[in-house]
Each structure stands twice: as C-alpha cells, then as structure tokens.
Amino acid sequence: VQLQASGGGLVQTGGSLRLSCVVSGTSSSLTNTYWYRQAPGKQRDLVAFITSPGNTNYADSVKGRFTISRDNAKNTVYLQMNSLKPEDTAVYYCRIDVSPRAYWGQGTQVTVSS
C-alpha cells in the first residue's frame, strides 16, 4: 500500500488549494481515509476523514471551509481547502488503515501568507 500526497503550495490568505492523495495497493473506498496536518513544533492533528460509505467528518477549525471527497475510479481522496488562513499553514498528510496497520503519505506543505 502506498499513498502519494500532492497539491500543496504557497497561497495568500483567503485563497484555495486542493490536495490529492492517490492510493495504490488497495481501494480507498473500502476503508476510511484521513487528512492530518502538522505545524512546526506542534502535534499532528486530524483535519478531516471520509468513511467507506462516504460519510465525512471535520475538525471544528476547518468546518465550512474544507471539503473532503473521494473519486473511486481514480482511487484518490481530495481535500478542497477554501478561505485559507495563516493558521492553516502546515504539512498535510493523508492516512489509510489497512489491517493491521496504518499507512501514511509523505506529506505536502501548505503555506498561507498573511
């Protein structure tokens, strides 16, 4: 199982980015897929996840601004990020659980300038 995260970059406050997590070696539709983020000097926090049936859940700090979705044909999970704020600056990681372990993508840097 491998996860390839991409789509990060530098954006101004209020801007948008779309992150992608391409999954290989398993089907992302069979399990939950998570997006986390880690700012410098801070712990890695859960941002959003999508379940196998397609239910979604978000951290309070991103509700109404971020949207997680999945394209089963492309085996890819997306994180659409709108109205970005400087506090969204972090490395973003995707994760998928395939028993008995979790698999992580390599991370993609998101920097929001004020």
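Me: Which residues does Leu19 touch, not counting residues up to four places away in sequence?
Reply: This is a predicted model, where local features need pLDDT of at least 70, side-chain atom pairs count only at pLDDT 80 or more, and totals for chains, interfaces and linings use all residues. Numbering runs from 1 along each chain as its sequence is written, and side-chain values use heavy atoms, with hydrogens and water left out. Leu19 sits in strand E3 (residues 17-24); strands (E, at least two residues) and helices (H or I, at least four) are DSSP runs, numbered from the N terminus. Taking a contact as heavy atoms within 4.5 Å, Leu19 touches Ser6, Gly7, Gly8, Trp35, Val77, Tyr78, Leu79, Met81, Tyr92, Thr108 and Val110.

Me: Is Leu19 buried or exposed?
Reply: The cut-offs are under 20% relative accessible area for buried, over 50% for exposed, and partly exposed in between (1.4 Å probe, protein chains only). Leu19 comes out at 0% relative accessibility, so Leu19 is buried.

Me: How far apart are the C-alpha atoms of Leu19 and Val77?
Reply: Along the chain these two are 58 residues apart. In space, the C-alpha atoms of Leu19 and Val77 are separated by 8.3 Å.

Me: How many strands does the chain have?
Reply: Reading along the sequence, you get β-β-β-β-β-β-β-β-β-β-β. There are zero helices, and the strand count is eleven.

Me: What parts of the chain does the salt bridge of Asp88 and Arg65 tie together?
Reply: A salt bridge here is a side-chain nitrogen of Lys or Arg within 4 Å of a carboxyl oxygen of Asp or Glu, and Asp88 and Arg65 form one at 2.8 Å, N to O. Asp88 lies in the loop between strand E8 (76-81) and strand E9 (90-98), and Arg65 in the loop between strand E6 (56-58) and strand E7 (66-71), so the pair ties together those two loops, 23 residues apart in sequence.

Me: Is Arg95, the salt-bridge partner of Asp97, buried or exposed?
Reply: The closest N and O atoms of Asp97 and Arg95 are 2.6 Å apart. Asp97 is partly exposed at 24% relative accessibility. Arg95 has a relative accessible area of 15%, so Arg95 is buried.

Me: Which residues do salt bridges that share partners join into one network?
Reply: The whole structure holds four salt bridges. Those that share partners build one network out of Arg37, Arg65 and Asp88.
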